Every structure is written in structure tokens, then in C-alpha cells.
Amino acid sequence: MRKLLLSAVLVGASLVGPTVYAQAPVEGTNYITLSSPVPTAQPEKVEAAALFWYGCPHCFQLEPTLKQWSATLPEDVNFIRVPAMFGGLWNLHGQLYYTLETLQADPKVHDSIFNAIHNEGRKLSTTTEIANFVASQGVDKEQFLKTWDSFSVKSKMEKAKKQALAYQVSGVPAMVINGKYRFDLGMTGGLQQTVDVADALIEKERQAE
């Protein structure tokens with residue numbers, strides 16, 4: 001846990017001086033290629049996976065840029081969010097994300113969780129606190145609690161844990177393109193630069209097909 005939190009803190013310096021990419025991202029500097037590609041959910045598309053934790057301040061800072069970028073992606077790109085689950089509160093928040101996804105809750109609830117933690121000082125550290133909060137955002141509390149421990153949610157959590165291990169992720173926020181290329185804020189140099197690298201690697205995968 002300490003290593004993961006330290007990793008999140010270290011990338012903070014990268015938010016100060018943004019990097020402008022005059023040329024293609026450099027392997028080993030701006031991204032790494034995984035030794036073993038990870039299977040994607042929709043092989044016919046290029047997958048862009050964003051790993052996050054609701055409690056991570058840099059994930060919160062990246063979210064508006066990521067949200068705007070993902071809304072403009074073409075149909076041949078499959079954007080997914082993967083909650084990083086390294087134990088404790090990380091797992092609880094991962095369970096929260098997948099419960100809302102299973103319920104097909106309004107995407108605004110996702111935003112409200114980030115806001116509650118980082119702007120309102122809420123911890124959302126217990127199931128009761130979480131259930132009460134999402135109910136205040138229009139989610140049916142009874143259905144939420146029924147879904148919380150469902151097979152579907154638990155299966156998605158296990159899959160996400162295996163994905164994070166296969167991606168060799170040790171901190172968040174991080175992105176993985178098509179199960180092959182991983183990078184984070186520390187490697188890209190800033191918020192906009194992160195999605196710029198993602199765009200470049202998506203195009204790289206298109207050309208490889």
C-alpha cells in the first residue's frame with residue numbers, strides 16, 4: 001500500500017511542467033511494451049483501459065481530461081475503466097464501481113463519488129456510508145445492496161484484479177492500450193499529454209492490423 005501511494009505522489013511533479021510531443025512517444029520513456037500482451041474484451045477493436053482509484057488525487061485531476069477525450073473516440077476504440085484493487089479501501093471502491101456498472105447507474109454518479117471524496121472530504125469507507133451516498137444520488141438503495149455482493153460484481157472484481165497483475169501496474173492513474181502498452185502521468189508529463197500518448201498508441205495499433 002505504501003508503495004502504491006508513494007507512486008501516486010511521485011507523479012505529482014509531472015503535472016507542473018507539461019510536455020509537448022513534437023514526435024511520436026518514445027518506448028521506454030513515454031510508455032512500456034508489456035512482455036506478454038493481455039487479451040482484450042473486444043478483439044475487433046483497439047482497447048484503451050484506464051486504471052484508477054476513487055481515492056487517488058491524480059485520478060481525480062485526470063478524470064475531466066479523460067472523460068472529454070473518451071467521449072470523442074471513434075467506434076473502433078473500446079474505452080474501459082478498470083478500478084485498481086490492491087486491498088482495503090481500494091477493493092471497497094472497486095466493488096462500488098462495479099456495482100454501479102452492473103446497475104447501469106447514471107455516469108454522473110461516478111463523477112459525484114470523485115467529488116465527494118476530493119472536494120467534500122468524505123471517505124466512503126464503509127458499505128453503509130457508500131449505500132447512503134449513492135442513494136442520495138438517485139440510486140435505489142435496496143437494489144444497490146442486493147447487487148453489492150452479487151456474482152456478477154464479484155466476477156468483475158476478480159477479473160480486474162487479474163488484469164492489474166497482468167498489466168504489471170503498481171500505481172494509478174495508469175493506462176494500457178490494447179493490452180500491450182502501459183504508461184502513466186510520470187511517463188507522459190501531464191494530463192493532456194497522457195491522452196496524446198494514448199492517441200498515438202491507438203494509431204500504432206491500427207497500423208499494425
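# Cavity, ring pairs and sheet

Helix α2 supplies four residues to the lining of the largest cavity, which is the largest share. The model is a predicted one.

## The cavity

How many cavities of 30 Å³ or more does the structure hold? One. The space in the largest cavity comes to about 60 Å³. Its lining consists of A50, L51, F52, C59, L62, E63, L66, R81, F114 and P173. Two elements, β2 (46–52) and α2 (57–70), each give two or more residues to this lining.

The lining is mainly nonpolar: eight residues fall in that class. Two are charged, and no lining residue is polar. E63 and R81 are the charged ones, as both appear in the lining and Glu and Arg count as charged.

## Aromatic pairs

Across the whole structure, a search finds 11 aromatic pairs. One of them joins F52 and Y97: the ring centres are 5.4 Å apart and the planes stand at 75 degrees, so this pair is edge-to-face. The contact bridges distant parts of the chain, with F52 in strand β2 and Y97 in helix α3 (residues 89–103), 45 residues apart. Are these two residues buried or exposed? F52 has a relative accessible area of 6% and is buried. Y97 is buried as well, with a relative accessible area of 12%.

Another pair, W53 with W90, is stacked: 4.3 Å from centre to centre, with 10 degrees between the planes. W53 sits in the loop between β2 and α2 and W90 in helix α3, so this pair ties together parts 37 residues apart in sequence. W53 counts as buried, at 11% relative accessibility. W90 is also buried, and its relative accessible area is 2%.

Ring pairs also build a cluster, whose members are F52, Y54, F60, Y97, Y98 and F114. Two of those names return from the cavity: F52 and F114 are in its lining. F52 therefore has several roles in this account, as it lines the cavity, belongs to the ring cluster and is buried at 6%.

## The sheet

Five strands make an open sheet of mixed pairing, in the order β1-β5-β4-β2-β3. β1 (32–33) and β3 (77–83) are the edge strands, each pairing on one side only. In general, the strands of a sheet pair through backbone hydrogen bonds, parallel or antiparallel. The table follows the sheet from one edge to the other.

| Strand pair | Sense | Bridges |
|---|---|---|
| β1 and β5 (181–184) | antiparallel | two bridges |
| β4 and β5 | antiparallel | four bridges |
| β2 and β4 | antiparallel | four bridges |
| β2 and β3 | parallel | seven bridges |

Individual partners place the strands against each other. T33 stands opposite Y181 in β5. R182 in β5 is the bridge partner of V176. V176 in β4 is also the bridge partner of A49. L51 has V82 in β3 as its bridge partner, and L51 is among the residues lining the cavity.

Which way do the residues of strand β4 (residues 174–177) point? A174 and V176 point one way, M175 and I177 the other way, and all are buried. Three residues lie between the strands in the hairpin of β4 and β5, where N178 takes a positive phi near 55 degrees.

Why is the edge strand β3 described as largely enclosed by the rest of the structure? Six of its seven residues are buried, so the rest of the structure largely encloses β3.

## Cysteines

The count of disulfides is zero. C56 is in no disulfide, and the nearest cysteine sulfur, that of C59, is 3.0 Å away. C56 is buried, with a relative accessible area of 2%. C59 likewise takes part in no disulfide, its nearest cysteine sulfur being that of C56 at 3.0 Å. The cut-off settles the matter, because a disulfide needs sulfur atoms within 2.5 Å. C59 counts as buried too, at 4% relative accessibility. C59 also belongs to the cavity lining.

Key. Residues are numbered from 1 along each chain as its sequence is written. This is a predicted model: local features need pLDDT of at least 70, side-chain atom pairs count only at pLDDT 80 or more; totals for chains, interfaces and linings use all residues. Side-chain values use heavy atoms; hydrogens and water are left out. On a 1 Å grid over the protein atoms alone, a cavity is a set of points where a 1.4 Å probe fits but cannot get out, and a pocket is an open set with protein on both sides within 12 Å along at least five of seven lines; lining residues have an atom within 4 Å of a point. Grid points are joined across faces, edges and corners, and a volume is the space filled by probe spheres set on the points. Rings of Phe, Tyr and Trp (its six-membered ring) pair if their centres lie within 6.5 Å; planes under 30 degrees apart count as stacked, over 60 as edge-to-face and the rest as tilted. Buried means under 20% relative accessible area, exposed over 50%, partly exposed in between (1.4 Å probe, protein chains only). Two strands pair if DSSP finds at least two bridges between them.
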